[in-house]
There are 2 protein chains.
Amino acid sequence: MEQMALKQTIEQLQKRYDEFKNQKLNLDMSRGKPCPEQLKLSMDMLKILNKEEDYICDGIDTRNYGVLEGIKPARKLFAELLEVSENEVIVGGNSSLNMMHDAIARAFIFGVPGGKAPWGVLPKVRFLCPSPGYDRHFAICEAFGIEMIPVEMKQDGPDMDEIERIVSSDESVKGIWCVPKYSNPDGISYSDDVVRRFANLKPKAPDFRIFWDNAYVVHHLSDEHDEILNILEECKKAGNPDMVYIFASTSKITFPGAGIAAMAASETNIKYTLQKMAVQTICPDKTNQLRHVRFLKSVENINELMKKHAAIIAPKFAAVLETLERELGGKEIAWWNKPRGGYFISLYTLDGCAKEVVAMAAEAGVKLTNAGATYPYGRDPRDRNIRIAPTYPAIEDLKKAIEILCVCVQLVSAKKMLSGEVLSRKVV
Amino acid sequence: MEQMALKQTIEQLQKRYDEFKNQKLNLDMSRGKPCPEQLKLSMDMLKILNKEEDYICDGIDTRNYGVLEGIKPARKLFAELLEVSENEVIVGGNSSLNMMHDAIARAFIFGVPGGKAPWGVLPKVRFLCPSPGYDRHFAICEAFGIEMIPVEMKQDGPDMDEIERIVSSDESVKGIWCVPKYSNPDGISYSDDVVRRFANLKPKAPDFRIFWDNAYVVHHLSDEHDEILNILEECKKAGNPDMVYIFASTSKITFPGAGIAAMAASETNIKYTLQKMAVQTICPDKTNQLRHVRFLKSVENINELMKKHAAIIAPKFAAVLETLERELGGKEIAWWNKPRGGYFISLYTLDGCAKEVVAMAAEAGVKLTNAGATYPYGRDPRDRNIRIAPTYPAIEDLKKAIEILCVCVQLVSAKKMLSGEVLSRKVV
């Protein structure tokens, strides 16, 4: 009986799939990329500096050389945003990823304050990687030959028992990647307990660093905001002031390719970093920093701007969630998060289905992030996580794309159930 | 007789010096920094992109993510400027120094195509440093622990006999710094013979690289331009296509802190570099690249703009040269170059006088580049080179500053001659 029903379901789904495929669609949901309407919100920023005197800030000509650490008001703005002091911030160019990469590059070449040697001369360097996580973090590790140790994500952050155990016992573990707020891709925000446990880690390696990528610090989707504890403050309280590097940028506040990025850390870390940066460059593009400061003004004003972003993208998230619910709800073949912020919806299929689903969707013209990309080395051990990036496509395209994705999920699940390869939870 | 005359001279000079000192001046000639009038020349660039559609280039929204290698028309413009092909160029952010630093960082962490190991794991890495040269090149070497080997500069470029000898025999020699056109600080342009000998080097190290910092590629001071041979083309002819990295920027064409920079090299090198850069960042600030392309348009147009720069700074160079000639001419206690381009005038005192001259000038309120800074490790073996950067100060300030400098040169020389420590060439 059940077999017959499954075969019939597969037939119907295959028909729907083929119809979509014939439409020769070309929809891209692979990256967390703001849409054109979002970029429109910051166009006034590009009109704010006009006359020569507009480019002078605190007596400094932002067009000329100098001010390695970033202009004062830009440091002040990020200090407010990240709840640290002005001297604990470096404002750089357009990419926080670049600042993260370079922090690791410096560690490899020169070492880290408190460490015994540059990481590059050590036989083994390991990083903890809460997974699923941000693929570009993992790509940096892979490029540097850093061995990645996956750590499970729970509903309130990564598995802290596991992290405490490994960090305190293995000196080759030099760092951990965190997206503490509206995490990529799960949309999870770390609980106070998790943040405190991070701050109170007792690493075996004196040069262990938490890479705290606060990418979505103000990226709420509704009026209900997640808030996380101030990691630097907690680290100071715990006597670990130098253990964390914090990163953020305006890439998803103003312009993805033309925003400004910042790194925050203890003054010891900042001083060391600037000393090394002084041989790397003369200064960041201060004109763009000044544009940002004049336009964004304050954290309060940024929050107002983020509401406008939410007004554009929250309906897209809602559309995805509605479609998922309509197509997959109650079928016990897929589960997904309902994030209150960030850029992603994380979809979990039955074990062993994600790769095939993503491949089928691609064949029907829907490009998703590669299955596995959210895990170290691109290997999702259960092959079940699919990252959905709803922000860029137009809402009608998005609905169609998610419908196709859902058809693929159902089709792959049904086929695998038919073959006995997987069981739905309901069946279990 | 001679002693008496010297004492009298010293007395007169000391009086002049004291008078200047009492004026409590504050003049800075330490860095090659464009002046406000030069920045004015590019103000229209900042008004060129206004409407949303202005930011679209070849169908790409420059405000959004993507295009790691730089936008096509920016690559094309630098390709023309550096006489290479579009695929041999990466256009980056605001700093060519950053691109040079990162090229070395990549070599340390990942190695260089053709090499056997990352430089970071080698017991010793050496660089040749034609001297006097650019202090920031030397600072990178010092930070990375690269042992610097000074090479003498001659009138047509560095001592090629010495370079050929060392490069072909020492595998730990991995690179050389060159400013081939209007060199920093001597203003020397490499002869065709020198460029060809560079291209035909037979390095013992398969991962040897020439760092060709073409910082002053269009920075002529008059209609008489120095031109140098195309190094990449010569390297290809010599069967060494991968041996050179070329760098340039618009820092002294548009804005020092808000220009765009580029790296050029063989496609093999470019491909390798982009592969590593792909984990470092998502893209450079493409909006600033587009602004530059729309404003600068073509090499021809850049040359017109550079004539306007020359109209502002050539009189400053002339004022320095006139003052040097008036105060020091024929006295055989100092010699200087008369550059046809670039940003510096290089002054040579009698041996052993430079440090004291620079210190005395500083005491009288004239800040010069530290004596020795133009040599590896800040050590000028003959303590005689002083780098003069005439572009930033107003012309009246500049004249006064150089007059003070000349008084210091005379005073220090006379004192040392009196004590028998030095002899003027005339005396010799």
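These exercises, each with a worked solution, cover a predicted model.

**Exercise 1. The two chains**

Task: Work out which rotation superposes chain B on chain A, and what kind of axis it implies.

Solution:
- Start with the superposition. Chain B falls on chain A after a rotation of 180°, with 0.0 Å of shift along the axis and an RMSD of 0.0 Å.
- Name the relation. That rotation and shift are the relation of a two-fold axis.
- Check the surfaces. The same surface serves both copies, as 100% of the contact residues of chain B recur in chain A.

**Exercise 2. The chain B side of the interface**

Task: Find how many residues of chain B are in contact with chain A, and which element of chain B gives the most to that side.

Solution:
- Count the residues. On chain B, 44 residues are in contact with 44 residues of chain A.
- List the elements that give two or more residues to this side of chain B. They are helix 2 (36–40), helix 4 (96–109), helix 5 (135–144) and helix 10 (286–296).
- Pick the top contributor. Helix 4 of chain B gives the most, with six residues.
- Sort by chemistry. The side of chain B that touches chain A holds 22 nonpolar, 13 polar and nine charged residues.

**Exercise 3. Two domains in chain A**

Task: Give the bounds of the domains of chain A, then describe the side of domain 1 that touches domain 2.

Solution:
- Set the bounds. The domain assignment gives domain 1 as 2–30 + 303–418 and domain 2 as 47–298.
- Place the domains. Their C-alpha centres lie 31 Å apart in chain A.
- Count the contact. Domain 1 of chain A puts in 21 residues and domain 2 of chain A puts in 25 residues.
- Find the elements. On the domain 1 side, helix 11 (299–328) and strand 15 (385–388) of chain A give two or more residues. Helix 11 of chain A gives the most, with six residues.
- Sort by chemistry. The domain 1 side divides into twelve nonpolar, seven polar and two charged residues.

**Exercise 4. The sheet of chain A**

Task: Write the strand order of the eight-stranded sheet in chain A, and say which strands stand at its edges.

Solution:
- Read the order. The eight strands run 4-11-10-9-8-5-6-7 in an open sheet of chain A, with mixed pairing.
- Find the edges. Strand 4 (89–91) and strand 7 of chain A each have a single partner strand, so one side of each is left without a neighbour in the sheet.
- Look at one pair inside. Strand 5 and strand 8 of chain A run parallel and are joined by three bridges. A:Phe127 has A:Gly175 of strand 8 as its bridge partner.

**Exercise 5. A covered strand in chain B**

Task: Decide whether the residues of strand 10 of chain B are buried or exposed, and which way each points.

Solution:
- Check burial. Six of the six residues of strand 10 (residues 244–249) of chain B are buried.
- Split by direction. B:Val244, B:Ile246 and B:Ala248 point one way, while B:Tyr245, B:Phe247 and B:Ser249 point the other way.
- Add a neighbour. Strand 9 (residues 209–213) of chain B runs parallel to strand 10 of chain B, with four bridges between them. B:Asp213 stands opposite B:Phe247.

**Exercise 6. Helix 6 of chain A**

Task: Show which residues of helix 6 of chain A are buried and why they lie on the same side.

Solution:
- List the buried residues of helix 6 (residues 160–169) of chain A. They are A:Met160, A:Ile163 and A:Val167.
- Use the arc. These residues cover only 55° around the axis, which puts them on the same side of helix 6 of chain A.
- Turn to the other side. There A:Asp161, A:Arg165 and A:Ser169 are exposed.
- Name the cover. The buried residues lie under elements of chain A including strand 5 (126–131), strand 8 (173–178) and helix 7 (192–199).

**Exercise 7. A:Val195**

Task: Explain why A:Val195 counts as buried, and list its contacts beyond four places in sequence.

Solution:
- Locate the residue. A:Val195 is found in helix 7 of chain A.
- Apply the cut-off. Buried requires 20 or more other C-beta atoms within 10 Å. A:Val195 has 24, so A:Val195 is buried.
- List the contacts. They are A:Pro180, A:Tyr190, A:Ile228, A:Leu229, A:Ile231 and A:Glu234.
- Compare sequence and space. A:Val195 and A:Ile228 are 33 residues apart in sequence, and 7.7 Å apart in space, C-alpha to C-alpha.

Conventions. Residues numbered from 1 in each chain as written. Chains lettered and ligands numbered in written order. Predicted model: local features only at pLDDT ≥ 70, side-chain atom pairs only at ≥ 80, totals over all residues. Least-squares fit on C-alpha atoms with pLDDT ≥ 70 in both. Contact = placed C-beta atoms within 7 Å. Nonpolar A, V, L, I, M, F, W, Y, C, P; charged D, E, K, R; others polar. Buried ≥ 20, exposed ≤ 12 C-beta atoms within 10 Å, placed from the backbone. Arc of directions from axis to C-beta. Domains from an automatic or database assignment. Pairing = 2+ DSSP bridges.
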